[in-house]
Amino acid sequence: MQLLTQAFSVLSWQIRTVKVSNLSHDATERDMRGFFSFCGDIVYVEMKSENEQSQTAFITYKDPRGAETAILLTGAIIVGQIATIALEPDYVLPAAAASESCAATEDNKQGASPSTSQKAEDIVTRMLDKGYTLGKDAIHRAKAFDEASAPFQRYGKSSIFGPKVWIE
């Protein structure tokens, strides 16, 4: 197994969108919402065709914690294909979705939604219990993510301010 370290810049705490690559053309927006809703409240889903074999989805969450949790699911099988999931800092929401997203962000400032306080390990375990096929080390990555974020959660800040280390 290879040890991976991923450090984020101070500005990356704002990233709320993930890019899901290598999706079957049979995958729908509804499939994406169903699969990724475990990670947090979804504001917007956009599907784009990559080529004849696959498409890409951009999933935007109400809170950055949703995106942070979603990337732990890379390697999951979604509608028959192994998906790659990564943070997408350059994604720009369409105008209509951006206004919804701003309203969701304002609501989030008034109090954390229940999904933002869940442990990533619990989310991954629930997904496995529901029958989803995840990457081979999803539980280990989620546990390491929770351990790395614990000191920051005590102070009400996202774990993204510190380095994340997990085994893949």
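User: What makes the contact between Glu46 and Lys48 a salt bridge?

Analyst: In this predicted model, the side chains of Glu46 and Lys48 come to 3.8 Å, N to O. The cut-off is a Lys or Arg nitrogen within 4 Å of an Asp or Glu carboxyl oxygen, so this pair qualifies. In general, side chains of opposite charge can pair when their charged atoms come close.

User: How do you know whether Glu46 and Lys48 are buried or exposed?

Analyst: Glu46 has a relative accessible area of 18%, and buried means under 20%, so Glu46 is buried. Lys48 has 41%, which lies between the limits of 20% and 50%, so Lys48 is partly exposed.

User: How many salt bridges does the structure hold, and what makes Arg33 and Glu29 one of them?

Analyst: There are two. The side chains of Arg33 and Glu29 meet at 3.1 Å, N to O, and that is within 4 Å, so the definition is met here too. Both residues sit in helix H1 (residues 29-36), four residues apart, so about one helical turn separates them.

User: Why are Arg33 and Glu29 called partly exposed?

Analyst: Arg33 has 30% relative accessibility and Glu29 has 37%. Partly exposed covers the range between under 20% and over 50%, so both residues get that label.

User: Where does H1 lie with respect to the strands?

Analyst: H1 lies across S2, S3, S4 and S7, and runs at about 135 degrees to S3. Those four strands make up an open sheet in the order S3-S4-S2-S7, with antiparallel pairing.

User: What makes S3 and S7 the edge strands of that sheet?

Analyst: Strand S3 (42-49) and strand S7 (84-87) each pair on one side only. From one strand to the next, the twist averages 20 degrees.

User: How do you know that S3 and S4 count as paired?

Analyst: Seven bridges join S3 to S4. Pairing needs at least two, so these antiparallel strands count as a pair. They also form a hairpin, with five residues between them. Within this pairing, Glu46 stands opposite Phe58 in S4.

User: Which bridges hold S2 to its partners, and how many are there?

Analyst: Strand S2 (residues 17-23) is joined to strand S4 (residues 55-61) by five bridges, in the antiparallel sense. Thr17 stands opposite Thr60 in S4, and the bridge partner of Leu23 is Gln55. On the S7 side, S2 pairs over four bridges, again antiparallel, with Val20 opposite Ile85. At least two bridges are needed, so both pairings meet the requirement.

User: Why is S2 described as largely enclosed?

Analyst: Five of the seven residues of S2 are buried, so the rest of the structure largely encloses this strand. Val18 is found in S2 and has 0% relative accessibility; the limit for buried is under 20%, so Val18 is buried. Leaving aside neighbours within four places in sequence, Val18 is in contact with several residues, among them Ala57, Ile71 and Leu87. The C-alpha atoms of Val18 and Ala86 are separated by 5.4 Å, although these residues lie 68 apart along the chain.

User: Why are Phe35 and Phe36 called an edge-to-face pair?

Analyst: The structure holds two aromatic pairs. In the one formed by Phe35 and Phe36, the ring centres are 4.8 Å apart and the planes meet at 75 degrees. Centres must lie within 6.5 Å and planes over 60 degrees count as edge-to-face, so the name fits. Phe35 and Phe36 are both buried.

User: What makes the pair of Phe58 and Tyr91 stacked?

Analyst: Phe58 and Tyr91 are 4.9 Å apart, centre to centre, with 15 degrees between the planes. Planes under 30 degrees apart count as stacked, so this pair is stacked. Phe58 is in strand S4 and Tyr91 is in the loop between S7 and helix H3 (95-110), 33 residues apart, and the pair links distant parts of the chain. Phe58, at 10% relative accessibility, and Tyr91, at 15%, both fall under 20%, so both are buried.

User: How do you know on which side of helix H4 the buried residues Ala120, Ile123, Val124 and Met127 lie?

Analyst: These four residues are buried in H4 (residues 120-129). They cover an arc of only 95 degrees around the axis, which puts them on the same side of H4. Just after H4, Gly131 takes a positive phi of about 100 degrees.

How values were computed: Residues are numbered from 1 along each chain as its sequence is written. This is a predicted model: local features need pLDDT of at least 70, side-chain atom pairs count only at pLDDT 80 or more; totals for chains, interfaces and linings use all residues. Side-chain values use heavy atoms; hydrogens and water are left out. Buried means under 20% relative accessible area, exposed over 50%, partly exposed in between (1.4 Å probe, protein chains only). Axes are lines fitted to C-alpha atoms, for helices over the stretch in contact, and angles run from 0 to 180 degrees between N-to-C directions. Contact means heavy atoms within 4.5 Å. The arc is that of the directions from the helix axis to the C-beta atoms. Rings of Phe, Tyr and Trp (its six-membered ring) pair if their centres lie within 6.5 Å; planes under 30 degrees apart count as stacked, over 60 as edge-to-face and the rest as tilted.
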